[in-house]
Amino acid sequence: MANPSRPSWTVDVVVVGAGFAGLTAARELTRLGHDVLVLEGRDRVGGRSFTGSVAGLPADLGGTFVGPTQDAVLALAAELGIATTPTYNDGKNLIQWRGWARPYRGAIPRLSLVSLLDVGRLRWQFERLARTVPVAAPWDARHARKLDALSLGGWLRSIRATASSRDLMAIMARVTWGCEPDEVSMLHAVRYARAAGGLDRLLDVENGAQQDHFPGGTQQIATAAADELRELGTRVVLNAAVRRIDRHGGGVTITCDGGLAEAGFVIVAIPPAHRTFIEFDPPLPPAHIQLAKHWPQGRLSKAYAAYDTPFWRANGLSGQTLSDESPVFITFDVSPQGDDGPGILMGFVDARAFDTLPAEQRRRDALRCFAALFGDEALKPLDYVDHRWGAEEFAPGGPTAAVPPGAWTRYGQWLREPIGPIHWAGTETADAWTGFLDGAVRSGQRAAAEVSRLL
C-alpha cells in the first residue's frame, strides 16, 4: 500500500529506464494516447549515451557513431531535428604492431602476406557461419549448441588462426563487447555480426557503423526526446531508481526511490544484467533469473584529447589507428568540420588495468599511447577527459552485453519473453543492430507495440 507521504502515480504503462529504448517506447505509447510514466535511476537521460565535454566541445563518452541501415535511430534524430556529420576518413590509417608502426587503408591492416591471407580466411569462415544463424532465434541454428559451447577465442584456435589474426580479433572483441575473445560465445559473435549486416558493415567507417556521428553528441537525442515527452504531459522522473516490481491481478506496482506507481503494464528497458538489481514479487521464473545472471555487461572506457589543430592531418593521417599496446587500442578523429582546429582524438581504452588507476596516471598512459602513434605533439593537449563505464556506481558496464559460452542456447529464448504485464526492451533484445543505439530504438518500438496491442 502506498505511503501517503510519498508521491504516487497511476498510469497505463511505466517505463523503467530513460535510455534510447525506454524513451522510444514512451514516445510510441504516448503518441497512441496512453498515459505513460518514465522512471530513471540516474540524474540524466540517455542511458549508455552520455555526452561530456573536452575543451568546451561535446564529447560522446558512451555511444557515438551511426551508419547506413541504422534507420531507426537516424529517423528518430531527424524527427527531433538533430543532424549527423561524417566521421573524418581522409588519409592513411596507422597500426602499431609488434613494436613498429606502419600506415594502411581500409578496416583490416595488411600486416604481411601470410597475415592478410589468414585474416581473409577467417573472415570468410566467420561470415559463412553467421549466415547459418537465424538472428531472431539463434538457438535454432543447425550447429547452435556447438557454436555456443565455443568461445570466439576457442574458435580461432580451432581453425589455427595465426597469432596476428587472433590479436586483431581480440581488438574487435574489446571494442565491440568490452571483453576478451575467450569471454564471448561464438554463437553470440556471429549472431551479433549478422544483426549488423556482416563484419564489413560492423567494422568499417565508410559505408559502415562508424560512418557518421552527431556534432552535438548522441545524448542530445535523448534529451530532446525527453523534453518532447514532457511537453506532451508524459512524466520523465530522474533519480528514481526502481527497486521492486509487484505483479497482481490489476497489473503492477512499481516501487522506486521517488515513490510508488500503479500501472497496467511495465516495460523494463535496461540491460539484462541489471534486472538483478530489481526485486520481483512474485519472483521471475527460474530461466529469467538465470538469464540475467549469465548476460553480463562488458567493460570499456574512452579517452579524449583536444589540440589546437588536428595536426596529424598535415602528415596525411586519418586519425584512425589500431594498436597492440595498451591501454588505447583504437582511435578516431572526431574533430569539428574543417582543418583549422581544434583537433579531437577519441580513443577506446582497455578497461582491465586502466580503470583502477588514479586520474593523473590514466591521463599519462592515454597520452603516451596517442604520442606513440602521432608524435610528441600529442603529449600536450589543450584538454583531456576519460570515462570508465565499468567504474560507474549506478548500472555499471558497457558498451553492451558480453554473452559468454552456453548462455544463448540455455537462456536466450527468454531474453525478451514477457512475464504477464512485464515486458522487456534494451539494445540487447534487438534483432537488428544489437548493441547499438539503433538496436535500442528498435527494441523500444517493439516493446511499445507489444503493450499497445494488449492495451
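In this predicted model, strand 5 and strand 9 (residues 212-213) run antiparallel and are joined by two bridges. Within this pair, F65 stands opposite H213 of strand 9. The two strands belong to an open sheet of three, ordered 5-9-6, in which the pairing is antiparallel. Strand 5 (65-66) and strand 6 (85-86) are the edge strands; each has a single partner, so one side of each lacks a neighbour in the sheet.

F65 also appears among the contacts of F348, together with V175, L300, S301, K302, P327, V328, F329, I330 and F332, when neighbours within four places in sequence are left aside. F348 lies in strand 18 (residues 343-349). An unreviewed UniProt entry places the feature "binding site" at F348. Is this residue buried or exposed? F348 has a relative accessible area of 10%, and because the cut-off for buried is under 20%, F348 counts as buried.

A second strand pairing involves strand 13 (residues 259-269) and strand 20, which run parallel and are joined by four bridges. V266 has I422 of strand 20 as its bridge partner. In a regular strand, side chains alternate between the two faces of the sheet. Strand 20 (residues 422-425) has I422 and W424 pointing one way and H423 and A425 the other way, and all are buried.

Helix 14 is described here through A448 and through its packing against helix 2. A448 is located in helix 14 and is buried, with a relative accessibility of 2%. Beyond its neighbours within four places in sequence, A448 is in contact with A25, E28, L29 and I267. The C-alpha atoms of A448 and R27 are 8.8 Å apart, although the two residues are 421 residues apart in sequence.

The axes of helix 2 (residues 71-79) and helix 14 (residues 437-454) come within 7 Å and cross at roughly 85 degrees. Helix 2 is therefore roughly perpendicular to helix 14. On the helix 2 side, D71, A72, V73 and L76 make the contact, and on the helix 14 side L437, D438, V441, R442 and Q445 do so. By class, this contact of helix 2 with helix 14 has five nonpolar, one polar and three charged residues.

The two buried residues with a stated accessibility are set out below.

| Residue | Relative accessible area |
|---|---|
| F348 | 10% |
| A448 | 2% |

How values were computed
Residues numbered from 1 in each chain as written. Predicted model: local features only at pLDDT ≥ 70, side-chain atom pairs only at ≥ 80, totals over all residues. Heavy atoms only, no water. Axes fitted to C-alpha atoms, helices over the stretch in contact; angles between N-to-C directions. Parallel < 35°, antiparallel > 145°, perpendicular 65-115°, else oblique. Contact = heavy atoms within 4.5 Å. Nonpolar A, V, L, I, M, F, W, Y, C, P; charged D, E, K, R; others polar. Pairing = 2+ DSSP bridges. UniProt positions renumbered as here; feature names shortened; annotations may be inferred. Buried < 20%, exposed > 50% of the residue type's maximum accessible area, 1.4 Å probe, protein only.
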